[in-house]
Amino acid sequence: VSDIASDLVLRGWAVDPAAGREGPAELAVRDGVLERVTWLAGDDAHGIDDRGTLILPGLVDMHAHFREPGNEDAETVATGQAAAAHGGFTTVAVMPNTTPAIDDPSVVARVRAAAVASGSPVRVLVHGAVTVGRGGETLAPLGELAEAGVAGFSDDGSPVHAAALLRNALAYAGALGLPIIDHPEDPSLTKGAEASEGYVASVLGLKGWPVAGEAGAVARAIAVLSDTVADVPGAHLHLTHVSTAASLAHVRAAKAAGLPVTCDVTPHHIAFTDEWIAGARRWAWEALDADGAARDPWTDGALVAAPFDASLRVNPPLRSAVEAAACLAALADGTADAIATDHAPHTEVDKHVEFGWAINGISGIELALPIVLAAVDAGRVPLARVVEAMTTGPARILGERQGVKPGLREGAPADLVVVDRAATWTVAPERLLSKGRNTPLLGRELRGVVRLTLAGGRVAYSAD
Amino acid sequence: VTAEADRGAAASSGAVTAVPADVPAVDAPPQTQPVPWPHLHLLDVDGLTRPQLELVMGTTDAMREVLSRPIPKVPALRGTNVTILFYEASTRTRVSFEVAAKNLSCDVVNIAAASSSVSKGESLVDTVRTIEALGADMLVMRHAVSGAPYLAAEVFGGSVLNGGDGWHAHPSQALLDLYTLRSRMPGGSLEGRKIVILGDALHSRVARSNIWTLTAMGADLWICGPSTLLRGFEAWAARGAAGRRFTVTSDIDAALKDADAVMALRIQKERMASGLLPSLREYAARYGLTRERLRAAKPDVIVMHPGPMNEGVEIAADVAVDPRSVITAQVTNGVAVRMALLYLLAGARHHGGNA
């Protein structure tokens, strides 16, 4: 195969969470194998710092939507893989809210076949549905799905409505060694909601999605988990796209109590805020005043874009700068185990409509790394912690059985990404490989350009 | 109610004669003279400065003068195609815009969403592009979803005038309310005047737009209603409208005490089904605007309602027709304000205004 990565020598600032190490390094790749990793010191390291070329293990996204089968006009497995590679990701776990839902081994096989047929070396893992048709009524054949190799179970897009069903799912999946990935939401509090409840939603006349709609569901799920582990020690609850300080406080307490709970945060919930719906575009950490309160975009000149951009409609909704700061703090202190993109590509037909009628989701897998690097640049979270949350963090949740072992290991197939951290690029539709151009960052200059992505020893993306 | 009926009140306050110097002579088309109005669209009132609000008021005075003529019509916007696209049922706002446009000699096309291709599932973007291709210069639209006029403005080549979007904004209503209040207040000033908006603020675009305009004019604004219908407003009041503070309370007695004006909002029956209110009867008993409650207000308190009214619920029937009620004057002033807005927006087009 012509795309085998051969005879490459890479020099830069390497970060390897698996080895607990970062610093100047030289890596040699031959015939698809990472042949040599040399950590440099003294004169050999001259001119290499963490502001230039970064060499990272291939990134892992445990939560993306590739829309196949059923919505191939929004994304296919092939375009999703291309977009992932462009974003530096070499392993992506896709969610089962397809049409039909991935609630049967035959659908798992179909997604897998598409991933092979594309010719892309980006590895696609598959999450199975918790309930049949994601209907929230009866358990999907979790055992058969496990045998088919799913990475976890989720009804993402919806919560597992009934606590009794969640309890059964945690027990059944736990015995199979697989996590339940819950989308925490209490629909009685969020029906028809358009934006996070609070100042911005009040001013814009958007129906509010209250913090309690998430935090209550998180607390309930953790309580159910607590009961379940007594019977099934292997039970594992993962809470995805957690977006509020109150939810994260529940997770922090549950972890302190030793419960098998993990969670992820998304790039958009740490970096974007609800004031973007009003027309602001500053990063979340720039929207805080000296006391840590959210600034008022109506008084400080921050409203620079037209309001009600439907690309900002997402579930859970973009929160205030205070909630975003809590998500970033949870990432920094390890309460959030992973950064997941919740890559949600959509068509113009579904997105270029009235804000409240737009389908939820942000196309994000190609922009995740530049967004989190902006948080690193701002001094909000260390680089090593971000890389961990995008590699070994999600890999631990997905499990060894999936064979996901991010790291810069000599003798292993080269699986890494080379990023020019100093370079900038302007986000434009024609530069995105995803079919979903539904991002509020179109037209924005971002810092951080992926130069090369190697997956399983093959070139998945090359800028040159 | 005709313009005649209300003219006396407005004239006695001096409003009609006090046309500022920078207000154009509205008989002439706006392209013949510079109009100091920068906005191509009117989508919200949050960005309007006090001088811009004053310009709308002054231009409305000029339109009131037109309305007082035996033939209340000027050729100012002759040949301008105004398309009125309403996705929600409305009588007074739609007719008010239509009358306003016709008084300025516009050609008017009315589209009711239920009878157009909208009911066949056509997107707003496609509908607006079609309206533009059919020759519309200005688009007046009403929509049930907050922010929808911004989407229309993104694709429409002419001016978009928001006739009410979801819970978000109702600019022409807020401006006619402002005009009506000024014409009734001694000296025409709202500075320090206690104005109460009473009722379902949560679902009200009228309340939201009035928060911006009334605080901009220096009013002491109070928002009062059951706490379930004020959700989120405390967060807003704490910051104020662009920093201009207002008060939110569920205590109707505190709100009405010494009030200079009270605006009752319409209560929708759906609010009971969604559990926000126990019953209409309880609402009427606790928050209905009655003569007895009005005793706490100033003796010459101004009573307003954006319509349509549920008499006996948010406002007692006798209060609605009380001499202190200006509800019919609001309707008449609505035509004049909408004439002013159409005129100013047309002028901005001819003089290179921005969005």
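Pro370(A) lies in helix H12, residues 368–377 of chain A, where helices (H or I, at least four residues) and strands (E, at least two) are DSSP runs numbered from the N terminus. At 7% relative accessibility, Pro370(A) counts as buried, a word that stands for under 20% relative accessible area, with exposed meaning over 50% and partly exposed in between (1.4 Å probe, protein chains only). Leaving aside its neighbours within four places in sequence, Pro370(A) is in contact with Trp425(A), Leu446(A), Arg447(A) and Gly448(A), contact being heavy atoms within 4.5 Å. From C-alpha to C-alpha, Pro370(A) and Pro141(A) are 39 Å apart in space and 229 residues apart in sequence.

This is a predicted model, in which local features need pLDDT of at least 70 and side-chain atom pairs count only at pLDDT 80 or more, while totals for chains, interfaces and linings use all residues. Residues are numbered from 1 along each chain as its sequence is written, chains are lettered from A and ligands numbered from 1 in the order in which they are written, and side-chain values use heavy atoms, with hydrogens and water left out.

**Backbone features of chain A**

Two prolines of chain A follow cis peptide bonds, and the table gives each bond with its omega value.

| Peptide bond | Omega | Place of the proline |
|---|---|---|
| Glu68(A) to Pro69(A), cis | near 5° | loop between strand E5 (59–64) and helix H1 (77–86) of chain A |
| Asn315(A) to Pro316(A), cis | about -5° | loop between helix H9 (267–271) and helix H10 (321–333) of chain A |

The loop between E5 and H1 of chain A also holds Arg67(A), whose phi is near 65°, a positive value in a residue other than glycine. Arg67(A) is buried, with a relative accessible area of 11%. Asp31(A), which is not a glycine either, has a positive phi of about 50° and lies in the loop between strand E2 (21–30) and strand E3 (33–39) of chain A. With a relative accessible area of 55%, Asp31(A) is exposed.

**Cysteines**

A disulfide is a covalent bond between the sulfur atoms of two cysteines, and is counted here as a pair of cysteine sulfur atoms within 2.5 Å. Over all chains the structure holds zero disulfides. Cys263(A) is in no disulfide, and the nearest cysteine sulfur, that of Cys327(A), is 8.8 Å away. Cys263(A) is buried, with a relative accessible area of 0%, and in chain B Cys224(B) is buried with a relative accessible area of 0%.

**The sheet of chain B**

Chain B contains 14 helices and nine strands, and of its 355 residues 60% count as buried. Among contacts in chain B between residues at least 6 apart in sequence, 77% join residues at least 24 apart.

Four strands of chain B form an open sheet with parallel pairing in the order E2-E1-E3-E4, two strands being taken as paired if DSSP finds at least two bridges between them. The edge strands are E2 (107–112) and E4 (159–165) of chain B, each of which pairs on one side only, and the twist averages 15° from one strand to the next. Strand E1 (residues 81–86) and strand E3 (residues 138–143) of chain B pair in the parallel sense over five bridges, and Leu85(B) stands opposite Met141(B) in E3(B).

Helix H3 (residues 92–103) of chain B lies across E1, E2, E3 and E4 of chain B and runs at about 180° to E1(B). For such values, axes are lines fitted to C-alpha atoms, for helices over the stretch in contact, and angles run from 0 to 180 degrees between N-to-C directions. Helix H5 (residues 148–155) of chain B packs on the sheet, touching E3 and E4 of chain B, and its direction makes about 165° with that of E4(B).

**A helix pair in chain B**

The axes of helix H2 (residues 50–67) and helix H14 (residues 327–350) of chain B come within 8 Å and cross at roughly 115°. By class, the contact of H2(B) with H14(B) has 13 nonpolar, four polar and one charged residues, where Ala, Val, Leu, Ile, Met, Phe, Trp, Tyr, Cys and Pro count as nonpolar, Asp, Glu, Lys and Arg as charged, and the others, Gly among them, as polar. On the side of H2(B) the residues include Leu55(B), Thr59(B), Met63(B) and Arg64(B), and on the side of H14(B) they include Asn333(B), Ala336(B), Met339(B) and Tyr343(B).
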